[in-house]
Every structure is written in C-alpha cells, then in structure tokens.
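Colleague: Please take a close look at a single helix of this model and tell me how it sits among its surroundings. Some background on the chain would help too.

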Amino acid sequence: MSPLYVVCVARHEYIASHMARFFEHAEVCTVGVVGVQGAVDSTRSCAPDVVVCEYELLTTHPLDQWECDEVLRNTPIVAVSLSRRSNELVPLDCNGIAGFLYLPTLSPPDAQKLLRAAAMRPRFTPGGTNFASAQSESLAARTPG
C-alpha cells in the first residue's frame, strides 16, 4: 500500500501537532500547520493526498486564500473536531467536505480507512515535489540538534 500524505491544519499549533501525531498512528505521513496561511504555505513544498482541518477553523475563518491555491482547492478536506459530533453539524457547513471525524471516538484503523477513501483521486504534484522529503526537512528543522 502506498503512503498517504496528510496536512493537518488547526487554529493553534498544539491542536495541529496533536492531530498530526494522532494520524501518524493511522500509518500516514503527516505535517501539522497553523491556520489557512499555514495550509497555503505547506503546498509550496508538498502536495498532500488529503487535508485534515479542524472543523472550527473551517467554519470561523475566511477560506479565500485556500480557494485560490491550486493544490488546496483540488485536495479533499476532512473536517475534524475535538468537541462536535457529526450529528451537531449544520448541513451547509459540509459543502466541499469529503468527510467528518469526531476525534475523541476515532480509532487509528478507522481514520486510515476514511483518509484513504477521501484520497481516491488523481494526485496533483507541483513540480514533482516529494511530500515525504519536505516533511523530513520540516521535522529536522523543528528537532533540537
């Protein structure tokens, strides 16, 4: 099975890092970023298969930058919440969302299945950049030497 590359986007670094660690346990390569600008910046070095985004960020921040980014606008989004269950969503909030996950009740195998299903599409790779290499460089930069 080929690796799955996921960008985890949240309002705060702590939440982005938590989501990235959780999805790493689902056997996917992840990188955590903060905010819409962080998501846009992440596409400069890699093209993810799926973007996992904190639900509250999707519903409270303008996504104009996201919609203008060639990679992000063509990448499936999975909304993740730590506080809202799927039955608490307003249907209009789900437009363009490939899936919704309530993280506290999610198992890594179920997360992996949903992310793989969301990623079933042709992959957009700007300039042939490799996500895993970009992720390794990013992690090396954050790791104290």
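Modeller: Six of the eight residues of helix H2 (residues 35-42) are buried, so the helix is largely enclosed by the rest of the structure. The model is a predicted one. The buried positions in H2 are Gly 35, Val 36, Gly 38, Ala 39, Val 40 and Ser 42. They pack against two strands, S1 (5-10) and S2 (29-34), and against two helices, H3 (55-60) and H4 (64-68). H2 lies across S1 and S2, and its direction makes an angle of about 135° with S2.

The two strands under H2 run parallel to each other and are joined by six bridges. In one of the pairs, Val 6 has Thr 30 of S2 as its bridge partner. S1 and S2 belong to an open sheet of five strands, ordered S2-S1-S3-S4-S5, with parallel pairing. S2 is an edge strand of this sheet, as is S5 (97-102), and each of them pairs on one side only. Neighbouring strands in the sheet are turned against each other by 25° on average, direction ignored.

As for the chain around H2, its secondary structure comes to six helices and five strands. From the N terminus on, these elements follow the order β-α-β-α-β-α-α-β-β-α-α. Of the 145 residues in the chain, 45% are buried. Among contacts between residues at least 6 apart in sequence, 71% join residues at least 24 apart. The chain exposes about 7700 Å², and carbon and sulfur atoms supply 53% of that area.

Another helix, H5 (residues 108-118), holds Gln 112. Gln 112 has 18% relative accessibility and therefore counts as buried, the cut-off being under 20%. Apart from its neighbours within four places in sequence, Gln 112 is in contact with Ala 26 and Glu 27.

Confidence varies along the chain. The mean pLDDT of the chain is 77, with 74% of the residues reaching 70 or more. Among the elements, S1, one of the strands that H2 packs against, has the highest mean pLDDT, at 94. The lowest mean, 42, belongs to helix H6 (residues 131-142). Over residues 122-145 pLDDT stays under 50, and for that stretch the model has 32 contacts beyond four places in sequence.

Key
Residues numbered from 1 in each chain as written. Predicted model: local features only at pLDDT ≥ 70, side-chain atom pairs only at ≥ 80, totals over all residues. Heavy atoms only, no water. Buried < 20%, exposed > 50% of the residue type's maximum accessible area, 1.4 Å probe, protein only. Helix = DSSP H or I, 4+ residues; strand = E, 2+ residues; numbered from the N terminus. Contact = heavy atoms within 4.5 Å. Areas by Shrake-Rupley, 256 points an atom, 1.4 Å probe, with all protein chains shown as cover. pLDDT = per-residue confidence, 0-100. Pairing = 2+ DSSP bridges. Axes fitted to C-alpha atoms, helices over the stretch in contact; angles between N-to-C directions.
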